[in-house]
Every structure is written in structure tokens, then in C-alpha cells.
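Here is a structure to read with a few pointed questions. Each answer sets a value against a rule.

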Amino acid sequence: MSAADKVKPAASPASEDPSAIAGNISYHAQYSPHFSPLAFGPEQAFYATAESVRDHLLQRWNDTYLHFHKTDPKQTYYLSMEYLQGRALTNAVGNLAITGAYADALKKFGYELEAIAGQERDAALGNGGLGRLASCFLDSMATLNLPSWGYGLRYRYGLFKQRIAKEGQEEIAEDWLDKFSPWEIVRHDVVYPIRFFGHVEISPDGKRKWAGGEVLNALAYDVPIPGYKTKNAISLRLWDATATAEDFNLFQFNDGQYESAAQLHSRAQQICAVLYPGDATEEGKLLRLKQQYFLCSASLQDIIFRFKERKADRVSGKWSEFPSKVAVQMNDTHPTLAIPELMRLLMDVEGLGWDEAWAVTNKTVAYTNHTVLPEALEKWSQAVMRKLLPRHMEIIEEIDKRFREMVISTRKDMEGKIESMRVLDNNPEKPVVRMANLCVVAGHTVNGVAELHSNILKQELFADYVSIWPNKFQNKTNGITPRRWLRFCNPELSEIVTKWLKTDQWTSNLDLLTGLRKFADDEKLHAEWAAAKLASKKRLAKHVLDVTGVTIDPDSLFDIQIKRIHEYKRQLMNILGAVYRYKKLKEMSAADRQKVTPRTVMVGGKAFATYTNAKRIVKLVNDVGAVVNNDADVNKYLKVVFIPNYNVSVAEVLIPGSELSQHISTAGMEASGTSNMKFSLNGCVIIGTLDGANVEIREEVGQDNFFLFGAKADQVAGLRKDRENGLFKPDPRFEEAKQFIRSGAFGTYDYTPLLDSLEGNTGFGRGDYFLVGYDFPSYIDAQARVDEAYKDKKKWVKMSILNTAGSGKFSSDRTIDQYAKEIWGISACPVP
Ligand code: GPU
């Protein structure tokens, strides 16, 4: 039966009455061109519902745009190569406070809102923490009514889908635009030319200008981002690359040369084809650099256009006003080209001199660093840069030259440090541009993402710059949006929190959660809390059964580690711990086993396609699971499950159902971590090292409510030295776990190279660079403390409550408020 047969269609959106909403859904089902009006299955119901919700969003988006235009406040532009938006429907109706109305409306068609929301595909335009952080930030910017926008790229294929086959992880293209995205609005009137290659022309008066090469277009798609219970909706503007009809060679096409006729069109398609093309090949590298420049150039042209649009009389003489109207935040070094691009636009297009352009650029851009891992600090070949962006390379050389001159003339004492501080590394073997150095030299502020990380930046990575610019460096501890990560993903627990706090204001004022502390021993709260956790565990168990076929027991301790697979995050230590546990269980008498705390260990995460050791870890978790889960002697006490295709929506099911989560990176290596905050907020206790934001979480929730183990950041360098010098004595339990895997207990796959990476310098790996061997014994001891604590239900529930109660600090509203005040200098601009 068609939707129209049931409900009279109504084109008018923005009603909060379920009947009117149902009419609008019915309207979209019939008049939106995507489906036949005869069909109205769950998928069509999703698209029609989303389009109806989009009507609400658009109205707010338009009102907000006009309000910002009229009031002309200073505005922040967040430049990021990644956004991990996940699904949008539940979040949109939740933020607009129309969830109930839409649920009732859908009931008129015989559908549950939750089931319809489950039809949506994840928008996975990011890899992990950095991309998800950007998405949480947008939610907070909108909620705080801040004049701010996000800019990114509209990748055709997002982060790959992960399938677990016999050989381990397989990657499949993620076709999130397969049907279409109901959330984006294509802006055919927002188009900017983007040039690549070419040369620099010098006019008779000495002016330099970039010309020639190939020119593509950047076309804007807007994704409206609603704030929670506010009229504001901001924009995530995603750029797509296109070529024009003029670029289509009709003559060649008519001559049968179909491919060369459409050459530029196919090059345009490559730019936004995939997130992070593998950079193992030179081609891959060039494409990544093209993507970065594409984002920066389109966004800056758009920012300058809006700067002028808001006040028609803004002319080149008023450029000094630019930094009081525009703040640009670079999400790591990926958008560093914003610096030379802004310089180029100001000088070559707007006619400013170097000093004036430099002052404007410096006051406009700021840089967030998200890692100290040397391999993740971007360095671009000078030759590649010069070929693709000849004018930018000139500008970078000039920045480098002036920085050196400044240090030499003002800081004689720093002369010996200049080479390592320079933007250019002119090592004749491989001359490169150091992007982080460019950001530090050009930006007005540099920030890390957790206290410990920011201190490491100041004391190590950027120490020399601190002596030149002591006030440039800040900390902005990361945060997560409490809307998606508690209110909407965990309605059971949210209701309890609201009931006991007697208000739902915690949703946008997360510090109110401390109010739960005084009920931490209340038996009634304990009963409700435990029941909510159990309900979430059952939902989680159903997901595991659906995607893996493994049945897990909701009465066992749910122990979860979900994040990108990386050696520094030490999933290998987790699985070695599970292997050790399995071996001990096998050796025990049946009577002793009965005393063991039953556990379900779950690991999920994607390995970068060419990262061999990470893929071996995925395979090992799966192999261990296959043996343990089918071993009738012990599988009542231990299960090991690999959760395939970890993404935002999977996290929304897993996190509420977790009781223990592992954040066990080598100290000093995880800049912050953000899932640790999500787990703790959902009443999950952390086992972790003193790394990243763990340090601050432990301070907030109390050290009794956190299972700490492992080396401290300032010991790591010394321990690595000891190891090199043969001073490390491995714990027998560590040897036993490795040996058990080597013995073939988990199948015939060759784990030698993976296990050898944990030995001294063997040629494989880096001689246990991540100190798994050193931390293993204290990790096993901490896990034993977990087992004991879990036996005492009352104690455990109290720890859980105190984790939620201590999570207020980790709201991204707090983080964004600090950025707004301490870096951007912007203030709220609510639509009246
Ligand atoms: N991070 Br650099 C990413 O997810 N991708 C990156 O390319 C870089 C950093 C992560 C950090 O590893 C994580 O510790 C942090 O919490 C997150 O960024 C957000 O700051």
C-alpha cells in the first residue's frame, strides 16, 4: 500500500503535530523523486522521514545564515580533512526536541522510529578520533550558538567497510552515497576555481602570479548541523570537485577518443573519490596533496567571499579588519596549505604587501596538534610541492627565509637550533617541507588535546619555539558531545540521570552530573542503574549475535576495546592477556573455575589496509576467539569476540553496554583518546595507563574508580634504552602467553613476525618499542583487581555511577567554549 493511501500529503514542514508530520512524510514519499510512490518499505520511510526533518533543518539553517549576515560577528571556520558524522536522524530529531512527534507520526505508518533510524548509512568521512572529534565540535558549536562552520571534503567513498574473512580483514568500498544522502543540499551557486600545476608569471612591475596548469571547480554541499534546543543550525560545507562543459572535448569525443575527451572530468572525480588514498606510491601522495589543497583553497575563497558579502563596502584597504571577523582552525597539519593559500589570495589577488598579508594570516590561523608520533608528522617533498603548487612553494620558501632571519637577528642564543626549527628541511637526499613547523611559525596559537599531551608538546616536540613564543602554546583537553554519546545512544541511563537530578539540563550542562555523587550508595539508584546496564548489555549481545553468530552471556563482565588497530594502542597486550587467562582456565580444576569472574572480551577496530602488523592483530583476535568460544571446558568463563566493521553506529550500541573498557596505550603516545570519555560517561570503568586524557579522567572520577597500571610517560625513554642494552627481564607470564600462541594453539597461521616484534631487536618490529613486555605483568595484576571488584556487585555499581558523575569535564561544550574564548575570540550569536 502506498503512503498516500494512508495519510493525506502535506507540503508544509516545521510542524510539531504528529498528524501534520505524517502528512509531510507522506508528501516526501510521493513528491521526492527518489522512489516510486507505490512502495513505502522501511528504507523509503527513512528517506521520506529524513527529508521531512531536513525541512526543519533548512528553515533554521536559513535563519541562522541571515542572522549571522546581519549581525556580522567574528566567525570561526574549522578546517578538517575528516568528519565522522555517523547517522543523523536520531540526532537531528533529538536536538530539535521533536523525537516524540516523529515517533508518533511514524506509528501511523506502522513503523518504529528506532527501526527506521537504523536504515540510515553512516557518513564515515573520517578515520578515527580526529574525525569524530570534528563532528562532536560541530554539535557543540551549534548548541552554543557560536558563529562557526566546518569545512571538509565530500568523499564519494568513506572509510572502508571491514569484513572478516578466513585470511583476516578485507576492505570493501563504503558506498554511503549509493542511493543519496538526504542531509546535504547542493549549492550550485557556490563554486570556486581551483588550480593545480602551472607556473609563476612575473609582470613588468614585479608582481608574481600563478597561471597555467589545470583548473577544476569546487562545488559546495551543505549539511545543516542543528544545535540542541536552540534555533541555530550551522553548516558543514563539504566540497566536491567538478569539471565544466568547456573541459569536455567534443571534437575528441566525436572522433571516438572517449577517454581523453573527458580527461579533466575523470581527474576531477579522483579528487574526492576516497578518504586517505594510500600514500605508499608517488601517485597516492600527489592525490592526497591535491585533496588538501582543494579543501584549503575552496574554503578560503569562500571565507573571503563571505567577509566581503557581509559588508559590501569592504575593500582591500580594510584587510586589517579580517582577523577580527575570521578565525581559521586547522585540524592537525592536514589543512596547513591554508597558510600559503591565504597569503597568496591576499597578495596576488587582493594586492596586499607581504608584511600586511603576513600580519593578517598570523592573526587568523591557529593549529591543533593531535599526535607526537614521528611517522604521523606530515612532511611533503619539496619537489612534489613545487610541481603541484609552484606559487605556494615560493611563499613557503619566503616564510622559511624570514623565520631564519628573525631568529638570527633577535635570538643569537638559538642559532644552533635553527636547522631543526626551520620550515624547510633541505637535506639533499630528500628535501621536504615540515608542515607542523609551518603551522607553528605561521599560526597565532598552537594547542594540544590533553594536559599531558600539551606538556609533551611544550617540553619536547615544540620546546625550542616555546622559548621564542612563550605565549603561543595552549592546552584544550578534548571532549565529546553528551547528546549523541549519552542522551540519544543510552536512553535508559539518560532517564535515570534525569530522574535523580530532577532535570534534564545535564544534556547541555554536563557538570550537573556531579549531582549523582550523593546518591552513589543509594540502593534504589543501584537497582535502576544495574537494570539499565543490563538492558544495554542485552542489546549489545544481540548485535554480537547478529554480526558474528557468537552468543555471549549478559551476566558476564563485558570488557571492550574499540579503536583503530595500532601497535601503540596495544590491542596485542589485550589479546595476550586473554590468551593467558584462557591458558590458566584450562589448567584449573572445574571447581576452581566456578570461582572465576566470567568475562566477555570484545575487540573492534579497523587496520589501515597496508599496515601488516595491525592486520595480523585482527587475525589473532579472531583466531583466539574461534578456539576459546568453542572450548566447552571454559567458554562459560571466557569468550573472545572480534566485532567487525567498527564505526560510529556500532559504538553507539557497544558503549552503553560496556562495563570495563581498555585504554592501554604506551604512556605518552595517545594524544588524548576520546572513546575513553564516552565509556566513562556511560558508567563504564576504565583499565588504563597514565596516557592522554586518561590522566584527567582518573582525576575526575577518582583513582579508586579507575584501574591503573603500567609505565609513566617520563619512564618510557629510559625503559627503551634498558631494553636495547639487554637489561630487560621478561615476566614468565609474558613468555608463557607468547609461547602458547607460538605452539600453534590458535591455528596454523604464522604469528612469528608479530610475536617477534615484542622481542629484542630481531629485525622485525622495533624491539618491543611499545613496551608490551614491560607493562604486561602490571596489566595482568590490574585485570585480577578487576575480577575481584566485579564480584562485589555493590562496589562495582558504585564505581560505575561515579564514572558517570565525574564525566562533566569531558563535554565538548566545555572544550569548544574554551576554544571560543581563548583562541578564536568569538561569542554566541543566537537566532532570536
Ligand atoms: N588522531 Br594526527 C587521529 O585520529 N588521526 C590523526 O591523523 C591524528 C590523530 C587522534 C589521536 O590519535 C587521539 O589520541 C586523539 O584523541 C584524537 O586524534 C583527537 O584529538
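The questions below deal with a helix pair and a ligand site in a predicted model.

Q: Why are H13 and H15 called roughly perpendicular to each other?
A: H13 (residues 354-364) and H15 (residues 390-410) pack at an angle of about 90 degrees. Angles of 65 to 115 degrees count as roughly perpendicular. The two helices are therefore roughly perpendicular to each other. Their axes lie 13 Å apart.

Q: Which residues make the contact of H13 and H15?
A: H13 brings Trp354, Asp355 and Trp358. H15 brings Ile395, Glu398, Ile399 and Arg402. Contact here means heavy atoms within 4.5 Å.

Q: How do the residues of this contact divide into nonpolar, polar and charged?
A: Four are nonpolar, none is polar and three are charged. Trp and Ile count as nonpolar, while Asp, Glu and Arg count as charged.

Q: What makes the backbone of leucine 130 a polar contact of the ligand?
A: A polar backbone atom of leucine 130 is 2.9 Å from an oxygen atom of the ligand. The cut-off is a pair of N or O atoms within 3.5 Å, so this pair qualifies. A backbone N or O atom of glycine 129 lies 3.3 Å from a ligand oxygen. For serine 672 the distance is 3.1 Å.

Q: How much of the ligand does the protein cover?
A: The protein covers 87% of the 450 Å² of accessible area that the ligand has on its own.

Q: Which residues come nearest to the ligand, and what is the shell made of?
A: Of the 17 residues around the ligand, Leu130, His370, Asn478, Glu670 and Gly673 come nearest. The shell divides into six nonpolar, nine polar and two charged residues.

Conventions: Residues numbered from 1 in each chain as written. Predicted model: local features only at pLDDT ≥ 70, side-chain atom pairs only at ≥ 80, totals over all residues. Heavy atoms only, no water. Axes fitted to C-alpha atoms, helices over the stretch in contact; angles between N-to-C directions. Helix = DSSP H or I, 4+ residues; strand = E, 2+ residues; numbered from the N terminus. Parallel < 35°, antiparallel > 145°, perpendicular 65-115°, else oblique. Near = heavy atom within 4 Å. Polar contact = N/O pair within 3.5 Å; in protein donor to acceptor, adjacent residues only side chain to side chain. Areas by Shrake-Rupley, 256 points an atom, 1.4 Å probe, with all protein chains shown as cover.
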